[in-house]
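Biologist: Please show me the model, and let us then discuss its architecture by question and answer.

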Amino acid sequence: GGSSGQYIVLRHIRVVNKTGSAATYSLWLGASAGNAAGTEVIGQAKSVAANSADDWYGQLRIDTGDFLVGGASALTTLTIEGEGEIGVA
């Protein structure tokens with residue numbers, strides 16, 4: 001039953017800027033859907049050039065109770081995609 005023993009290991013995140021102006025992004029990992037100080041994980045106010053992309057590679061484990069939350073400097077400028085695997089504890 002259930003998904004309580006599952007986790008995600010993110011290995012690649014791509015943030016694409018689909019506009020003609022630079023934009024920034026930040027990602028947080030925490031126990032809520034907010035962006036609390038101290039929970040920053042990837043790209044803190046990292047700039048993505050116009051019509052360009054930023055790639056992150058690593059290993060980020062996200063457990064059942066975790067939230068990965070993202071924010072951008074301007075609405076509808078950036079698209080995020082990720083790849084990894086789902087594990088069972």
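Modeller: Three strands form an open antiparallel sheet here, in the order 4-1-6. The model is predicted: local features require pLDDT of at least 70 and side-chain atom pairs pLDDT 80 or more, whereas totals for chains, interfaces and linings use all residues. Residues are numbered from 1 along each chain as its sequence is written, and side-chain values use heavy atoms, with hydrogens and water left out.

Biologist: Which strands stand at the edges of the 4-1-6 sheet, each with a single partner strand?

Modeller: Two strands pair if DSSP finds at least two bridges between them. One side of each edge strand is left without a neighbour in the sheet, because each has a single partner strand. The edge strands are strand 4 (53–63) and strand 6 (78–88).

Biologist: What is the average twist from one strand to the next in that sheet?

Modeller: Axes are lines fitted to C-alpha atoms, and angles run from 0 to 180 degrees between N-to-C directions. From one strand to the next, the twist averages 15 degrees.

Biologist: Which residue in strand 4 stands opposite Ile-13?

Modeller: Strand 1 (residues 6–17) and strand 4 run antiparallel and are joined by nine bridges. Opposite Ile-13, in strand 4, stands Trp-56.

Biologist: Which strands stand at the edges of the sheet with the order 3-2-5?

Modeller: This open sheet also has three strands, with antiparallel pairing. Each edge strand has a single partner, so one side of each lacks a neighbour in the sheet. They are strand 3 (40–48) and strand 5 (67–72).

Biologist: What does the twist average in the 3-2-5 sheet?

Modeller: The value is again taken from one strand to the next. For this sheet, the average is 10 degrees.

Biologist: Which residue is the bridge partner of Leu-27 in strand 3?

Modeller: Strand 2 (residues 23–30) runs antiparallel to strand 3, and five bridges join them. The partner of Leu-27 is Ile-42.

Biologist: How many helices and strands does the protein chain have?

Modeller: Both are DSSP runs numbered from the N terminus: helices are H or I of at least four residues, strands E of at least two. Along the sequence, the pattern reads β-β-β-β-β-β. The count is zero helices and six strands.

Biologist: Is Leu-78 buried or exposed?

Modeller: Leu-78 lies in strand 6. Buried means under 20% relative accessible area, exposed over 50%, and partly exposed in between (1.4 Å probe, protein chains only). At 19% relative accessibility, Leu-78 is therefore buried.

Biologist: With which residues is Leu-78 in contact, leaving aside its neighbours within four places in sequence?

Modeller: Contact means heavy atoms within 4.5 Å. Thr-19, 59 residues away in sequence, lies 8.0 Å from Leu-78, C-alpha to C-alpha. The contacts of Leu-78 are Val-15, Val-16, Asn-17, Ala-23, Thr-24, Tyr-25, Val-48 and Ala-72.

Biologist: Is Gly-38 buried or exposed?

Modeller: Gly-38 is placed in the loop between strand 2 and strand 3. Its C-alpha atom is 26 Å from that of Ala-89, 51 residues apart along the chain. Because its relative accessibility is 67%, Gly-38 counts as exposed.

Biologist: What share of contacts between residues at least 6 apart in sequence joins residues at least 24 apart?

Modeller: The protein chain has 89 residues, of which 27% count as buried. Its C-alpha atoms fill a box of roughly 45 × 25 × 20 Å along the principal axes. The share of those contacts joining residues at least 24 apart is 78%.
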